[in-house]
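This report goes through a few local features of one protein chain, taking charged pairs, helix packing, the surface and the backbone in turn.

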Amino acid sequence: MFPTHHRFGVKWCSCWWWLVVVFLVVIQQPDRGANGQRMKDNMYTEVHGAHCFRRLNGTHMTGCSSKNGGSVGVLHLISGKEDIDFIVHKHPSPPYAPILLPALYTRENILRLRDEAAPYVSVLVLMNNASGLEQFSQESRCPNQYSGLASVLTRPADDQRCSVDRAGDSWNPWGSGLLLENFPFPIFYVASEEEMEKLLACYEKFNAHDLEHQHRRSLCAIEVKAFMSAAVSTDICMRRSETYNSLIPATKYCDPLQGKNVYATLFPRPVVPEEERVEGPERFVLVSTRTDTTTMFDGVGLGAMDSVVPFTVLVAVAHFLAKTLPANDRNVLFLFFNGESYDYIGSQRFVYDLQTGAFPSRGTQTKPITLDNIELMIDIGSLDDLTELQVYHAAPQPMATKIAELLPKINQKYGFGIRSGQPVLTSNLPPVAAQSFLRENLTFPAVIIASKPGNRYYHSIYDDQENLHYQYGFYSHRLDFTQLENLESGDGNRMYGSDSVQMRIRNASTLIAMSIYELLVGRAFDQQNATNSVLIDEFLYCFLESADCALFRATVKPETPRAHRSPPSRYISVHTTITAESTGWTYRVLGLLLGQLVENVTKAECAALHLPYQWMAGYGGAGECRRTTQNMSLALSPAFLNDTYDFTSHRYSTWTESTWSDMSARIFLRPSPSHETLTLSIGIVVMVISFVLVFLINSRSDVLFNQGSTSSIPIATQPTQC
């Protein structure tokens, strides 16, 4: 009995040994040429790009979102309106993912794909190709239309308000308004040539031929995951977040847009004890601009002309006045607002803080500043044409007339080649921070310096260095950009060319700075100094091409690691515990250019002095100590400070940004219906055969698994050995 069972046990163990050998051979196959990838990794190819995302205000939601598990569409190249007609009327193999070039990314085409082709479109792909592109702006023709001065006036005349219906009366005549539309599908932007070639090659190979019968074959498709948690409006989203947060902590569906304003005074303010921290008789001239920009796509968009140019102008003006303006009974407050692209978030909060005595913060140990302390506000708007400056004001202001008189006088003296006319009295003001002040008080002494609109790529992915025709000069290695430039030397013209953007910014900033000098001092500037064209060149390079630049390195400690070689993002974004990158660099640059150099002080001695004394590398990189005046204030809309705020009132900005968990895109070959049917049929046949085999084996198990054994001991209890 036992010998027979023993031999059966030997055969059983031998079979297991053979299985082990086969398994070891199989797992060694990756070393013999197989790549060892998972099946899904062989099926999908990742595509890198930027995603459109969702933002909300008090009454609407804008932007894009995919389905929860991702949206899938068959790639279809749009070369003209006939291709859109194909999707709308024929659509043999929906849903589709239309591929568009920027020239076809118009309001008419996109809204047609959203509205008429809604059941047949699940993804939209935008390819990067600016050749022949004449205009590309997704912003409204009237940016911040419902939060400016005209929105609180009682029935202003047509010529006293911006009109989206009349391009000639708007501040962005080329705007499509798509930035304010909501799309039920994701929009994916592909920038690099390599990624575009992936998509086009896949489309050409599988999709481009026999369009009428393409449903009969496998097709190249794209899957985009960009699901947005928020929906409806800021009011609904915030209440929903609060409800779920009480049940599941840290659950959020949207976050308020917020960042930091950066400011600096020309002269240090006295430190006072807490009990003396009351409003004082200080007088200020406020000079301001905005630093932020925006586009439809996450992490893409430099805002070169729309905000970097005036940003650069104000930094150069501040540097000039810090070097030339003698101490007097009026201080100058330079303010760089953040979040102005979204209903003036930064300036609204600043005005609110002035009204409530919260500016500056108590940590500065200085007296609070109110609206009454500001004698004049000079707000620098978009300077699309640096050879023509226009002065705007909303109410009769003697200072507006004075500035309008100074600009042509100084220009004629120095030959800057800048035209300027009479001041324009209107409520149809450019979209600038001064509107937040004028909404509170129409007679507030605000003067705006701007140019007529000329940026065809306002708030878009193509407002970059090419839009400015900017080329980096790289003269900072031999010329000190922390000093002023001599007009008589002509160095700037020789280095950059008289018509370069560097020289046009130098001329405009010098003209504005000299005008402010004469306003404050009461006499004309009588020297041959100008703003530094090398500083301007460096500033543009830092914010348009690479944060690893000489100017930024001069503002940090000598031992600080070098920054990454990409420009800092200037989209306001949402709250983080770390200061936004561009805000931090702005803060440090002002410390270098406006801070007073403290001679014969070591690093240790400077550190012992604490703030406002800061140790930085300086131009030479050896290290220097400066007494600085710059600081930050919160750029968060006052709407989010009041739990009972009416989000439909349009009193304050109510913009929020949706949360999301993951954003990705990948292409794959979507099988044809016949292929899917065949696969399903084979699966069903295999399943049926499996059931039959299992049934037969189970019904004959006593014969198959106990043949030749005469033992009365159950097999499960019989000992086996190898």
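## A charged pair between two helices

Is Glu108 buried or exposed? In this predicted model, Glu108 has a relative accessible area of 53% and is exposed, because that value lies over the 50% cut-off. The side chain of Glu108 nevertheless takes part in a salt bridge with Lys81, at 3.3 Å from N to O. This pair joins distant parts of the chain, since Glu108 belongs to helix H4 (residues 107–115) while Lys81 belongs to helix H3 (residues 81–90), 27 residues apart. Lys81, with a relative accessible area of 46%, is partly exposed.

## Further salt bridges

The count of salt bridges comes to 30, and in general side chains of opposite charge can pair when their charged atoms come close. Asp115 and Arg114 form one such bridge, with 2.9 Å between the closest N and O atoms. The two partners fall into separate classes of accessibility: Asp115 is partly exposed at 47%, whereas Arg114 counts as buried at 17% relative accessibility, because the limit for that class is under 20%. Both residues also belong to a network of salt bridges that links Arg107, Arg114, Asp115 and Glu181.

Asp329 and Arg283 form another salt bridge, in which the closest N and O atoms are 2.3 Å apart. Here, too, distant parts of the chain are linked, with Asp329 in the loop between H7 and strand E14 (331–337), Arg283 in the loop between strand E12 (258–265) and strand E13 (284–290), and the two positions 46 residues apart. Asp329 counts as exposed at 57% relative accessibility, and Arg283 is partly exposed at 31%.

## Helices packed against H13

Helix H9 (residues 398–414) packs with helix H13 (residues 501–521) at an angle of about 125°, their axes being 9 Å apart. H9 is therefore oblique to H13, and the crossing in which H9 passes H13 is right-handed.

Helix H7 (residues 304–324) also packs with H13: the two axes come within 9 Å and cross at roughly 50°. That angle makes H7 oblique to H13, because it falls outside the ranges set for roughly parallel (under 35 degrees) and roughly perpendicular (65 to 115). H7 passes H13 in a right-handed crossing.

## A nonpolar surface patch

On the surface, a nonpolar patch is formed by Leu680, Ile684, Met687, Val688, Phe691, Val692, Phe695 and Leu696, which together have about 820 Å² of accessible area. Val688, one of these residues, lies in helix H18 (residues 673–699) and counts as partly exposed, with 43% relative accessibility.

## Backbone exceptions

Most residues other than glycine have a negative phi, and most peptide bonds are trans. Against that background, the peptide bond from Pro94 to Pro95 is cis, with omega near -5°, and Pro95 sits in the loop between H3 and strand E6 (96–100). A cis peptide bond also joins Leu611 and Pro612, where omega is about 10°; Pro612 is found in the loop between helix H17 (603–609) and strand E23 (613–616).

His610, in the loop between H17 and E23, has a positive phi near 65° and counts as exposed at 56% relative accessibility. Asn144 likewise has a positive phi, near 55°, and its place is in the loop between strand E7 (124–127) and strand E8 (182–183). Asn144, at 12% relative accessibility, counts as buried.

Definitions and conventions:
Residues numbered from 1 in each chain as written. Predicted model: local features only at pLDDT ≥ 70, side-chain atom pairs only at ≥ 80, totals over all residues. Heavy atoms only, no water. Patch = residues over 30% accessible without salt bridge, like charges linked within 9 Å, V, L, I, M, F, W, Y side chains within 5 Å. Areas by Shrake-Rupley, 256 points an atom, 1.4 Å probe, with all protein chains shown as cover. Salt bridge = Lys/Arg side-chain N within 4 Å of Asp/Glu carboxyl O. Helix = DSSP H or I, 4+ residues; strand = E, 2+ residues; numbered from the N terminus. Buried < 20%, exposed > 50% of the residue type's maximum accessible area, 1.4 Å probe, protein only. Axes fitted to C-alpha atoms, helices over the stretch in contact; angles between N-to-C directions. Parallel < 35°, antiparallel > 145°, perpendicular 65-115°, else oblique. Left-handed = near helix turned anticlockwise from the far one by under 90°.
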